[in-house]
Amino acid sequence: MKIQSVEFLKSVYPKDDYPPGNYPEVAFAGRSNVGKSSLINTLANRKGLARTSSSPGKTQSINFYLVNQSVCLVDLPGYGYAKVPQQVRKQWSPLIEQYCRNRKSLCGVVVIVDARIGPTPLDLSLIAWLKTLSLPTIITMTKIDKLSKNKISKVLRQTSETLSIRPAVIVPFSAHTGEGKRHVWQEIMRLMGSSEP
Ligand code: GTP
Ligand code: MG
């Protein structure tokens with residue numbers, strides 16, 4: 001995927017306005033510290049674009065990044081981290097909930113799962129909830145650099161059984177090696193019904 005331009009559009013906190021929804025958007029959701037911001041940086045070929053941190057709860061706003069003037073990658077706050085204060089309905093932040101419910105330009109959500117853990121109950125409830133909103137999802141298993149090939153196959157198989165989907169539609173990924181980057185872009189483009197961003 002050739003990245004020609006990347007532009008930071010806006011950070012949105014509760015009560016802020018979203019940027020105008022002029023471009024199709026794909027959002028990135030997952031547990032705190034799972035690697036959402038790192039995945040976006042890898043996709044955009046920009047190391048320091050979205051802030052990453054080894055301590056969970058780094059991203060607490062919704063951040064919009066426009067790639068090639070044609071698709072917006074949206075970094076969502078993580079969920080499931082006990083120390084981040086949340087007025088919780090489903091244990092993910094109202095920011096995520098309102099954004100996913102109301103954003104007309106949102107085409108789908110990349111749900112990022114830690115390959116060493118597999119989908120947690122919160123991940124599963126998020127995936128089920130997105131389905132009720134008729135939002136397509138791309139399931140990505142990240143941090144595969146930490147696992148052997150055998151373990152990766154095993155977790156793919158288990159996760160596909162848990163989610164009742166084919167293993168081939170789960171994208172193994174590593175922000176450290178870049179493995180899976182092309183595949184994630186392909187799935188994003190497929191979701192948006194286009195072959196090039
Ligand atoms: P929050 O914004 O806090 O929700 O976290 P996040 O999901 O955006 O995670 P972030 O990208 O900040 O990464 C969290 C930590 O995981 C950082 O220390 C990253 O270096 C590390 N990390 C992210 N992706 C990978 C990966 O593919 N492999 C390995 N080994 N570490 C990763
Ligand atoms: Mg983050």
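**Entry 1: lysine 181**

I began with lysine 181 and located this residue in helix 5. I noted that the model is a predicted one. I then asked whether lysine 181 is buried, partly exposed or exposed. Lysine 181 has a relative accessible area of 21% and is therefore partly exposed, since buried requires a value under 20%. I listed its contacts, leaving aside neighbours within four places in sequence, and found Thr42, Leu43, Asn45 and Phe173. I also looked up the C-alpha separation between lysine 181 and leucine 39, which is 8.3 Å; the two residues are 142 residues apart along the chain.

**Entry 2: helix 5**

I went on to the helix that holds lysine 181. Helix 5 covers residues 181-191, and its buried residues are Val184, Trp185, Glu187, Ile188 and Met189. I recorded that glycine 193 follows helix 5 and has a positive phi, near 70 degrees. I next asked which strands helix 5 lies across. They are strand 2, strand 3, strand 4, strand 5, strand 6 (137-142) and strand 7, and helix 5 runs at about 170 degrees to strand 6.

**Entry 3: helix 1**

Two of the contacts of lysine 181, Thr42 and Leu43, led me to helix 1, where both are among the buried residues. The others on that list are Lys36, Ser37, Leu39, Ile40, Asn41 and Ala44. Eight of the nine residues of helix 1 are buried, so I noted this helix as largely enclosed by the rest of the structure. Asparagine 45, another contact of lysine 181, follows helix 1 and has a positive phi, near 60 degrees.

**Entry 4: the largest pocket**

I looked up the largest pocket and found a space of about 660 Å³. Its lining has 32 residues, and those closest to the centre are Gly35, Ser38, Thr52, Ala175 and His176. I asked which element gives the most to this lining. Helix 1 (residues 36-44) does, with five residues. By class I recorded 18 polar, nine charged and five nonpolar residues in the lining.

**Entry 5: the sheet**

I then turned to the strands. Seven of them form an open sheet of mixed pairing, in the order 1-3-4-2-5-6-7. Strand 1 (6-12) and strand 7 (170-172) stand at the edges with a single partner strand each, so one side of each has no neighbour in the sheet. Neighbouring strands are turned against each other by 25 degrees on average, direction ignored. Helix 2 (residues 94-102) lies across strand 1, strand 2, strand 3, strand 4 and strand 5 (106-114), and runs at about 45 degrees to strand 3.

**Entry 6: strand 3 and its partners**

I examined strand 3 further. Six of its six residues are buried, so strand 3 is largely enclosed by the rest of the structure. Ile62, Phe64 and Leu66 point one way, while Asn63, Tyr65 and Val67 point the other way. I related this to the general rule that side chains in a regular strand alternate between the two faces of the sheet.

Strand 3 pairs with strand 1 in the antiparallel sense over six bridges, and with strand 4 in the antiparallel sense over five bridges. Phenylalanine 64 stands opposite lysine 10 and opposite valine 74 in strand 4. Strand 3 and strand 4 form a hairpin with three residues between them, and asparagine 68 in the turn has a positive phi of about 50 degrees.

Finally, I checked the pairing of strand 4 (residues 71-75) with strand 2 (residues 25-30), which is parallel over four bridges. Here valine 74 stands opposite alanine 27.

Note on methods. Residues are numbered from 1 along each chain as its sequence is written. Chains are lettered from A and ligands numbered from 1 in the order in which they are written. This is a predicted model: local features need pLDDT of at least 70, side-chain atom pairs count only at pLDDT 80 or more; totals for chains, interfaces and linings use all residues. Side-chain values use heavy atoms; hydrogens and water are left out. Buried means under 20% relative accessible area, exposed over 50%, partly exposed in between (1.4 Å probe, protein chains only). Two strands pair if DSSP finds at least two bridges between them. Axes are lines fitted to C-alpha atoms, for helices over the stretch in contact, and angles run from 0 to 180 degrees between N-to-C directions. Contact means heavy atoms within 4.5 Å. On a 1 Å grid over the protein atoms alone, a cavity is a set of points where a 1.4 Å probe fits but cannot get out, and a pocket is an open set with protein on both sides within 12 Å along at least five of seven lines; lining residues have an atom within 4 Å of a point. Grid points are joined across faces, edges and corners, and a volume is the space filled by probe spheres set on the points. Ala, Val, Leu, Ile, Met, Phe, Trp, Tyr, Cys and Pro count as nonpolar, Asp, Glu, Lys and Arg as charged, and the others, Gly among them, as polar.
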